[in-house]
Amino acid sequence: MSLMNQLIVAPILLPVLTAALMLWLGEKHRPLKARINLFSTGLGLAIAITLMMWVQKTGTTGSIGVYLPGNWEAPFGIVLVVDHLSALMLVLTGIVAFCALLFALARWDRAGASFHALFQIQLMGLYGAFLTADLFNLFVFFEVLLAASYGLMLHGSGRARVSAGLHYITINLLASSLFLIGAALIYGVTGTLNLADLAVKIPQVPDGDLGLLHAGAAILAVAFLAKAGMWPLNFWLVPAYSAASAPVAALFAIMTKVGFYTLLRLWTLLFSGQAGASAFFGGDWLIWGGMATVTVAAISVVAAQRLERMASLSILVSAGILLSAVGFAQPSLTAGALFYLVSSTLALSALFLLAELIERSRSANDIALDEDADQLPKALESLHPVPGTNLDDEQKAVVGHVIPWTMAFLGLSFIACALLIIGMPPLSGFLGKLTLISALLNPLGLDVAKDEAIRADSWTLVALLIISGLTSLFAFVRVGIKRFWTPQEHAAPMLRLNECLPIALLVGCAIVLTFKAQALLHYTQDTAQALHDPQQYVLSVMAARPIPVPASAAAQVQP
Amino acid sequence: MEEVIAIAIGVLAASGVWLILRPRTFQVVMGLCLLSYGVNLFIFSMGSLFIGKEPIIKDGVPQDLLNYTDPLPQALVLTAIVISFAMTALFLVVLLASRGLTGNDHVDGRELGE
């Protein structure tokens with residue numbers, strides 16, 4: 001077991017130790033805690049990047065690091081596993097968390113108690129959920145990240161947050177109950193909770209028990225689909241995310257992706273092509289459920305007026321596209337979906353941060369958060385000047401206004417975010433959607449001649465990808481005009497460096513992705529290959545051996 | 001014994017679901033509690049039910065599931081109980097905050113027709 005293997009547990013230990021340290025510091029020393037938090041989050045990101053580079057370096061498509069926290073062999077003890085998919089999600093979490101924290105340091109961390117400790121515990125839950133390879137351990141990490149998210153959701157208090165938080169907590173507690181029922185059923189049928197061991201056992205399940213196994217898997221899937229935001233299990237998401245404070249909402253952009261990650265991981269491992277009678281169980285549900293999510297969210301986004309709400313609905317659009325794309329169980333499509341996941345998560349996270357800055361500068365036409373859901377947008381009358389108005393102020397020749405740098409920054413970032421989310425050229429959002437469409441129309445690759453017609457569900461998804469982009473375009477253009485082009489004069493918003501930097505970082509990452517798209521696409525293609533052929537994963541986990549007890553320690557244990 | 005446990009789980013889950021669908025926050029808390037009891041019993045019964053068998057290995061008794069009960073579901077239940085207990089406590093705090101901020105105990109923060 002090398003040093004790198006020891007590093008696998010570091011993303012979980014680091015946040016929990018930091019959180020403990022900060023709880024010990026108590027309510028005082030806020031600047032110190034902020035610095036510790038920033039340092040620890042940055043270190044976590046560095047560890048995640050190291051793990052990602054290691055996963056890429058050590059081998060071909062399926063290099064996998066295994067860590068045995070309890071020093072017990074695989075099916076008996078808990079296992080942590082880092083493979084391509086886990087490493088990608090770790091790095092993405094690290095980037096989003098770092099930017100959200102940087103934004104929070106400007107203002108938000110002072111809005112309530114224990115922000116920094118909760119933030120670190122949330123990170124521990126996220127990292128743990130991405131690393132673990134054990135069904136029940138996954139439940140524990142889910143509860144850790146949810147418990148912290150309840151606290152963060154209510155951060156800043158206020159009626160809208162508490163009210164939305166109540167629903168958020170209830171639905172997640174219910175989902176946790178379903179998770180337990182599903183896990184118990186699967187354990188009852190197969191006698192194991194280790195994911196790799198489950199992949200081995202499921203093809204051997206006798207016919208009589210298949211119904212029970214599928215019922216368990218379906219109940220488990222309902223729990224994850226509720227978290228991943230599939231319609232009709234996603235009504236909690238929009239009020240909760242749009243009520244949460246900006247940095248928290250930015251961090252939550254990764255939370256629906258946890259549900260998606262878990263589904264992808266479990267589905268490809270448990271019901272892969274080698275699973276015999278259970279192969280690809282429930283794939284059609286993912287495809288059509290995802291498409292229903294896209295349809296509903298793409299229509300709702302046209303009616304949204306506040307940017308936070310639009311961002312939350314865009315999360316649902318991207319969640320639906322991801323679920324649907326993965327349901328086809330086609331490696332090239334999964335690779336495209338993962339690319340799209342990275343680019344859309346960065347953009348959505350930036351949009352949540354941006355939304356707060358833009359709405360803050362526009363206190364004039366504020367619509368209360370609770371009322372936004374019930375109203376339809378009004379026509380843009382304010383754009384048409386009254387007839388006879390001289391548009392040149394005081395009859396002077398317009399020499400040209402200097403746009404304040406803050407407005408310019410907000411406007412340009414908004415355009416970049418919108419392009420990324422809509423999926424318009426030239427940014428990486430377009431590349432993501434293009435990869436998806438190309439994989440849908442050429443299931444075997446571009447250079448292979450087609451011998452069968454394209455399936456009806458592929459055509460539907462292609463249509464939905466384009467239509468959802470179109471409706472998002474309408475919505476973003478309307479909000480952009482309302483926020484930036486209305487003729488009334490507004491004082492330029494005051495922005496702090498800490499608030500601009502994270503947005504610039506997130507948008508910058510997404511823009512760099514446009515130029516470095518090939519590198520990431522290669523990576524996601526390797527990821528998808530490994531996911532759809534889980535043999536390597538199973539072998540690596542099962543081959544992990546505990547470290548022998550040192551001779552001197554063994555002698556002491558013996559009486 | 002299986003019938004008794006099955007009926008108990010059914011009754012707990014049914015009452016839990018009914019209470020969760022009620023409009024008062026306290027009823028929802030009670031519903032979540034009952035549902036989590038039902039789930040805990042369910043996990044426990046997944047290790048198959050025995051009378052008078054221990055989960056710990058004894059000397060001289062063959063080590064198979066004919067002579068012992070499965071210890072894993074018991075460990076899982078213990079974890080689940082602790083977590084659901086903590087979550088209920090947290091939910092109660094949010095409930096009180098919501099009661100204080102909105103002035104009523106409706107789950108939406110406002111009575112119907114208001």
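**A tour of chains B and A**

Begin in this predicted model by selecting residues 6-21 of chain B, a span that is 94% helix and 0% strand and whose end C-alpha atoms lie 23 Å apart. These residues form one of the stretches, together with 28-52 and 72-97 of chain B, at which an unreviewed UniProt entry places the feature "transmembrane region". Move next to residues 72-97 of chain B, where the span is 100% helix and 0% strand, with 38 Å between the end C-alpha atoms.

Now display both chains and select the contacts between them: 23 residues of chain B are in contact with 20 residues of chain A. On the side of chain B that touches chain A, α2 (25-46) and α3 (71-102) each supply at least two residues, and α3(B) gives the most, with 12 residues. Colouring that side of chain B by residue class should show 17 nonpolar residues, six polar and no charged.

Turn then to the loops of chain A, starting between β1 (65-67) and β2 (80-82), where N71(A) lies; its phi is near 60°, a positive value in a residue other than glycine, and N71(A) is partly exposed, with 13 other C-beta atoms within 10 Å. In the loop between α14 (307-327) and α15 (331-360) of chain A, select A329(A), whose phi, near 55°, is likewise positive in a residue other than glycine; A329(A) is partly exposed, with 19 other C-beta atoms within 10 Å.

Finish with the cis peptide bonds. One joins W231(A) and P232(A), with omega about 0°, and P232(A) is found in the loop between α9 (207-228) and α10 (237-243) of chain A. Another joins P425(A) and P426(A), with omega about 10°, and P426(A) is found in the loop between α17 (405-422) and α18 (428-441) of chain A.

Note on methods. Residues numbered from 1 in each chain as written. Chains lettered and ligands numbered in written order. Predicted model: local features only at pLDDT ≥ 70, side-chain atom pairs only at ≥ 80, totals over all residues. Contact = placed C-beta atoms within 7 Å. Helix = DSSP H or I, 4+ residues; strand = E, 2+ residues; numbered from the N terminus. Nonpolar A, V, L, I, M, F, W, Y, C, P; charged D, E, K, R; others polar. UniProt positions renumbered as here; feature names shortened; annotations may be inferred. Buried ≥ 20, exposed ≤ 12 C-beta atoms within 10 Å, placed from the backbone.
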